[in-house]
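Here's a quick tour of a model, one helix and one sheet at a time. Grab a viewer and follow along.

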Amino acid sequence: MYIINGVAGVYEERESKKYRYKKLHNLITCHNIGCKNVLFVSKNKYDMAERYRVDHIFNVIDLLDEWNGFSIELANVLSIDQFWSYIDLVVLERTGFTCQLKEFITRAHKHNIPVIYEVDDLVYNVKYLDAIMEGTGTGLDRYDFWIKILESQYNTAVLCDGYWTTNLFLSQRLANDFKKQSWVLPNFANPQQIMVSETYLEQKLNEKAYCDDFVLGYFSGSSSHNNDFMEIAHEIYILMRRYPNIYLKIVGFLDLPSEFEIFESDNRIIRRPFMDCCSLQKEIAEVDVNLVPLVVNEFTNCKSEIKYFEAALVGTISCMSPTYVYKNIDEKGYLGKICEKGKWLSVLEDLYVNRHNLKNGFKQLHEEALADYAYYNQAENLKMILDEMESIEI
Amino acid sequence: MKKRILIWGTGNRTKDVLKVIGACEILAFVETKPSSAQFQGIVVIPPEGIKDIEFDILLVPIVDNCQIEKYINDDACIKKDKVVFLSVDNLLETGFYYNQYKLIRDLIPLEYLRQYLSWNFEFMKYSPQILVKEHMDEERKHLILYAEQRGYLQFLNYEFTEKYVHCKYDIQYDGQKKMYYAVWKERKFFFPRSWKLKQAACYWRDAIMCYDEKSPLATSMQNITQGGIAVEITQEMPLWSINEIDNVACVYIVNSDKEWAEAIKASFEDQGKEFYVINSLSECKEERIDKMRCDISENVAQWLSTYLGKFFILNIEVYVYYKKDDLKEVQGVLESKGFQCRESDGYVYYPQDVKPFEKIDFRKGIVIGTRQEEKNTDMESEDVYKNEGVGGCQL
């Protein structure tokens, strides 16, 4: 494991830059200099998906000469009525159906403005309910909850003119389900994530940061990932029984099986609360291996590669289930371990035994992550996507 | 007095709403097809019965049912300004327009509403309806009226801003310097090297709008003294200094941003005047400053307390809109140092530091301090800051 000194204040700085509302006039000024405006509508500004799919995209739009971005919350969509003539494209970020939203889409179409539905999960159609329930490990008591969400998302999506998502697998489903065009822009790291990651990587490359305990990291998004960890729980248990200096760090929500109580009492389970993206980079940097187990099915094949690149940016190697995006990473020859179900123990044991060699891969991991998942390497792709979206016929 | 409310529906969403609403008097529940005469001990009425009841709020916890929304919108007997669409299980997603804020703020206990408002407050802050109009002078009432006609509040709420909003800005690129620039009063103003055209255009719009003669931030110091030293403290473009340049002998610009410092040097090098771009005022070698303009967003009063004793300053303008107490605190510091103070004309709107449920008002833009020509006896020894080093750049 590694002892890393955190960089403070980065996340707060990002937050303070979110006040885009006050600049409604930028829509007019940008339009007047020939720059196109894309309006993002999101549920709320503190939604996790909103961060990756709106905030980070704004970091790339800032790099484009041809496009300006503006964001607004769903509850306020009808308040931009006087600006329609300055808007070229609307993107609805995974927004459920409301009457106001329907009216908003109608008004956009009246002004001949394409409306794109953006989603980074397979959560827009009831026909995928079984895959969702299996992928999220949700019990039957949540059926109603999911049906309501899926219907609401579908009712919005069906009104839109095109679709936008994070991987080709999901993109193809969207295109087939709605018989309209779909685009792919992967999730990627923002400037703050990259900045803190470079600081942490530098510390890891220094011998002083290293100590010989071996820490496995599980960075959970929400309690819906319980099933994912259960895929490998017993193998982790065996490994930890076998080697007393192996620890498990859990960030976020995870209910461990009762057999792990023995490690809890030995203080070998390190728990951290759910945290912001920059603090998370420090936690990931400190572990030796990033665990990314997933129940492989249609739902998880639609997931993006966030967990891989967040770890790779700080030089931490990932062991990943063979979902669509992780198999692609493996096929590209990028550093990382694909683990089929039941093979995790041998892969992890091998990494543990050869743990002193992990350092040799730090820079490669970082560089591969930057090549594909740095915000500044998305500009060309994003411009092409926005141009194509804007030109579709309604 | 408790708000008298009607609640539409008797289903699960209504039960959710009942969990969060606090002090209020529920007069009735509304159901299109009532299955019983009462719900939770309160009468259930059909929609046609709404017109017979005196109520303050009709709460509609159903937001994805267009039929109900259409019914309410089409029924002339239902006053629309009393209707609140609300989904408690999904407060973040739907149904809460900022213009309903005043209706609902007394209805839902703070712990729920505050959580919601912290998410949505950023937008609401720009709705004219959030301002409390009592005790406002005629000018501020006029500003609200103007903002209401336009639909939203902005930093400057004056008619003169219209010409800047709709203007097409001619921003040029200097291939040699590799920087965008704008021309104003026959002078070039360069933007930081990394800036895009769109960024420069939007910034330039706001910058020159603030220097319009009708702006609350327009300078009042031009021509009050000829020659002498001017100092501008800013983290951005020093428009004031360039505006003043014909009236002074030497200009110091305090700007610690590297990119801006480069752009400032490019803007000043053709002006034919002595100028310095410095990181901190302690690098200024002068004892006497004829004109100073301070644009400092954090702890401005504290900053003034530190520096006013180190120089003899004749005229000073200080931005005081960033924090709601800046006006009072800055005036206090300036008066304690012998300045006669007055506020600039007009108001700006800057609610960035306001929290949900705090009163929001317009603010004064600048405090102007002047004092008589005599040696400041409070002036501290140069030793106080001689070790800080001088890093100015004279071109």
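What follows covers the ground rules, a helix in chain A, and then chain B.

## Ground rules

This is a predicted model, so to speak with filters on: local features need pLDDT of at least 70, side-chain atom pairs count only at pLDDT 80 or more, and totals for chains, interfaces and linings use all residues. Residues are numbered from 1 along each chain as its sequence is written, chains are lettered from A and ligands numbered from 1 in the order written, and side-chain values use heavy atoms, leaving out hydrogens and water.

## Helix α6 of chain A

Helix α6(A) covers residues 143-157. At 1.5 Å a residue (times one less than the residue count), its 15 residues should span 21 Å, and the end C-alpha atoms are indeed 21 Å apart.

Its buried residues (under 20% relative accessible area, 1.4 Å probe, protein chains only) include A:Trp146, A:Leu150 and A:Gln153. Seen down the axis, the buried residues fall within an arc of 160 degrees (directions from the axis to the C-beta atoms), so they line one face of the helix. They pack against several elements of chain A, among them β3 (89-93), α4 (99-110) and α7 (168-178).

## Chain B

Chain B has 11 helices and 16 strands (DSSP runs: H or I of at least four residues, E of at least two). Of its 395 residues, 55% are buried.

One open sheet of 6 strands runs β3-β4-β2-β1-β5-β6 with mixed pairing; two strands pair if DSSP finds at least two bridges between them. β3 (38-39) and β6 (83-85) of chain B are the edge strands. β3(B) pairs with β4(B) (residues 42-45) in the antiparallel sense over 2 bridges, with B:Ile42 as the bridge partner of B:Phe39.

Notes
Buried < 20%, exposed > 50% of the residue type's maximum accessible area, 1.4 Å probe, protein only. Contact = heavy atoms within 4.5 Å.
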